Amino acid sequence: MPRDVVLLLLLVVLGASSGCLQDPTPAYGLTGAVCRLTYPAAVVLNEKTTKVIEAAFQHARYPSMKGEKSLLFIGRVLYGLDNLEIHNLSIGRSAFELRPGEGIAMEISNVSAVFRGTIQYGYGSWLVNVGHSLDFEIESQIDLGINPKLYCGEGKVAADTSDCYLNFHKLRLHLEGDKEPNWLKKLFTDFITFTVKLVVKGQICKEINKVANILADFIQEQAEQFLSDGNISVDIGVTTAPVITANYIESYHKGLTNYNNTTAVIRDSGFHPSQLTEQRMLYFWVSDQVFNPMLSAAHLDGRFQLNVSGDELSNLLQTHLSSSSPELITQCLKDPSSSRFSVWSSSVPRLNTSSSGSSVWTQASAELHCGTGGTPTLSFQTDVILDVSVSYSEKKLFMQGDVKNESPPAGPVWFYGSTVLHLIRFLRWASFSL
C-alpha cells in the first residue's frame, strides 16, 4: 500500500469559503488563485510525515478503561486500566500514493512504542477479598494506514479519516516484577491487549485528523494574515474541492479583495488547468482580477506615495541625476533641510500579465517644494509604466523592474524644460520604490 500524512494537511489546508461547487469546471471562472503541488514536491513533504505521526501519538489522550470477569473459586475480578502513556516512540517508513479522484493513501510502517500504565484490580468471594495496584509496560510494533476521503463542507475542504487502521505486529506485556500468578498474567494479557488495541486505534486516528486540521487552519490563517494589512484583506477561501491526479494536487482559491467592507468580484478569471504543467514542484497561478482590486484598494488607501526630503533627497538626486543639474534644482538643494519631493499615484493603477511578465500602468503626480512656502516650486503629472519580470535561481526569487514614461508630463510646467526631464528620471526611481 502507499505514502503520506503531511499531504493530508495540504488537502485540508486547501480550504475555507462560504460555499464550494461540486464540479471544478464551472468553478474555474470564479477562481482567482490556483496552487498546484506536483508529485516530486509531495515526496519532499512526505519526509516530514513522521513529525505529524509522532505528534498524533504523543498528544493523544488515552482514557481509563474498566471491566470485570467471573472466575471459578475466585469469584468476580474487577480491573481497570489507568494512566496509559506512550514512551520511546520511533517511526520507521512513511509511504504515500496519490489516488485520482479520491485522495491520498498513506501507510506508516514500523511504528514502535512502549505503553506504560497502572492496573487496578480486585477479586474475592465470601472467603477472601483482595485489592491490588500493579504497574505494567507493553512493547508494541505497529503499522498505521489511513485512506482519507476528501470533500468540501462548511466552506472548507474536509478530510474523512474514518478509514483508518492499525496492524499490531508485536504486543508484549510486562507486569511489574512478573511475580503474579500465571492465571492473573494471562487474564491481564488478554484484557490489556484488547484494551490497548481498541484505545490506541480510536485515539490515534482521531488525533491525526485533529493535528492535520490544526496545521491546516494555521497555514490558512498565516496566508490570510500575509495578504492583509489595515483595511485591506484577501479572502483565499476555496471555490471547489481540490483535484487530485496521479501527478499533482491542485487547489482553487477565491482571491477576493476586501476593502472598507467592500468585496471585489471575479466573474471570469480565465483559468484552465492546461495553463500549468507538471515540470516543477510548485505552481501558483494568480489572475489579474486578483491583483487589480488589490492595487485599487492600495491606491484608495493612500499606499502609493513617497516623500523624500532633507539630506536623503539631496543624496538621491545627486545619485539619479546627471552632473549638470538644472539651475532650479541646484538652487533648491542649497538648503536641503527645507526641500521636499513628493510623488503619488493620481489614478488607479492597472496591471496586465503575460507570459513575459507583468506591466503596471498608472498616472503619477509629483511636486518639488523648495523653501518653507506652501506652494510647490514645481509640479507635474505623467503616465508611468512599470514592467516587472521574475526569475528564480539558487532557491531565490528575483524581481526586475523597468520604469518608463508613456506620455510627456502634463501641467503648467512644460516651459521648465530640462528641469522636468531631470525630475522624471528621478520619478522613475521613485515609481519603482513605491
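Reader: Which strands make up the open sheet, and in what order do they come?

Author: Strands in a sheet are held together by backbone hydrogen bonds, and the pairing can be parallel or antiparallel. In this predicted model, an open sheet of 4 strands follows the order β11-β12-β1-β15, with antiparallel pairing. At its edges are β11 (238-244) and β15 (282-286), each of which pairs on one side only. From one strand to the next, the twist averages 10 degrees.

Reader: How many bridges join strand β1 to strand β12?

Author: Strand β1 (residues 33-38) and strand β12 (residues 248-253) run antiparallel and are joined by 6 bridges. To find one of them, start at Arg-36, whose bridge partner in β12 is Glu-250. Then look for helix α3 (residues 39-46), which lies across β1 and β12 and runs at about 70 degrees to β1.

Reader: Where is Arg-280, and is it buried or exposed?

Author: Arg-280 sits in the loop between β14 (262-263) and β15. Arg-280 counts as exposed because its relative accessibility is 57%, and the cut-off for exposed is over 50%. Arg-280 also shows how the fold brings together parts of the chain: 244 residues separate Arg-280 from Arg-36 in sequence, yet the C-alpha to C-alpha distance is 9.6 Å.

Reader: What else lies in the loop between β14 and β15?

Author: Ala-264 is in that loop too. Leaving aside neighbours within four places in sequence, Ala-264 is in contact with Leu-256, Thr-257 and Pro-293. The C-alpha atoms of Ala-264 and Val-234 are 9.4 Å apart, with these positions 30 residues apart along the chain.

Reader: How many helices and strands are there in the chain?

Author: The chain has 9 helices and 21 strands. Of its 434 residues, 46% count as buried. Among contacts between residues at least 6 apart in sequence, 68% join residues at least 24 apart. On the outside, the chain exposes about 22500 Å², and carbon and sulfur atoms supply 52% of that area.

Reader: Which residues touch the most other members of the largest nonpolar core?

Author: That core has 47 residues, and those touching the most other members are Phe-57, Tyr-62, Phe-115, Phe-136, Leu-144 and Val-200. Several elements give two or more residues to this core, among them α3, α4 (49-59), β6 (129-146) and α5 (182-226). The most comes from β5, with 8 residues.

Reader: What is Phe-57 in contact with?

Author: Setting aside neighbours within four places in sequence, the contacts of Phe-57 are Tyr-62, Ile-86, Leu-89, Val-111, Ile-142, Val-200 and Ile-204. There is also a second, separate core of 25 residues, including Ile-232, Leu-316, Ala-366 and Val-384.

Reader: Is Ser-339 buried or exposed?

Author: Ser-339 has a relative accessible area of 1%, so it is buried; the cut-off for buried is under 20%. Ser-339 lies in strand β17 (residues 339-345). Not counting residues up to four places away in sequence, Ser-339 touches Val-308, Ser-309, Gly-310, Leu-313, Cys-332 and His-369.

Reader: What is the phi of Asn-88, and what is that of Asn-260?

Author: As a general idea, phi is negative in most residues other than glycine. Asn-88 has a positive phi, near 55 degrees, and Asn-260 has a positive phi of about 50 degrees. Asn-88 is in strand β3, whereas Asn-260 is in the loop between β13 and β14. Asn-88 is exposed, with a relative accessible area of 55%, and Asn-260 counts as partly exposed at 43% relative accessibility.

Reader: Which element has the lowest mean pLDDT, and which has the highest?

Author: pLDDT is the predictor's confidence in each residue. Among the elements, helix α1 (residues 6-13) has the lowest mean pLDDT, 38, and strand β13 (residues 256-259) has the highest, 94. The chain averages 77, and 79% of the residues score at least 70. Over residues 1-18 the pLDDT stays under 50, and the model has 103 contacts beyond four places in sequence for this stretch. Residues 429-434 are also below 50, with 15 contacts beyond near neighbours in sequence.

Terms used
Residues are numbered from 1 along each chain as its sequence is written. This is a predicted model: local features need pLDDT of at least 70, side-chain atom pairs count only at pLDDT 80 or more; totals for chains, interfaces and linings use all residues. Side-chain values use heavy atoms; hydrogens and water are left out. pLDDT is the predictor's confidence in each residue, from 0 to 100. Contact means heavy atoms within 4.5 Å. Two strands pair if DSSP finds at least two bridges between them. Axes are lines fitted to C-alpha atoms, for helices over the stretch in contact, and angles run from 0 to 180 degrees between N-to-C directions. Buried means under 20% relative accessible area, exposed over 50%, partly exposed in between (1.4 Å probe, protein chains only). Accessible areas come from the Shrake-Rupley method with a 1.4 Å probe; for residues, only the protein chains shown count as cover. A nonpolar core is a set of buried Ala, Val, Leu, Ile, Met, Phe, Trp, Tyr and Cys residues joined through side-chain atoms within 4.5 Å.
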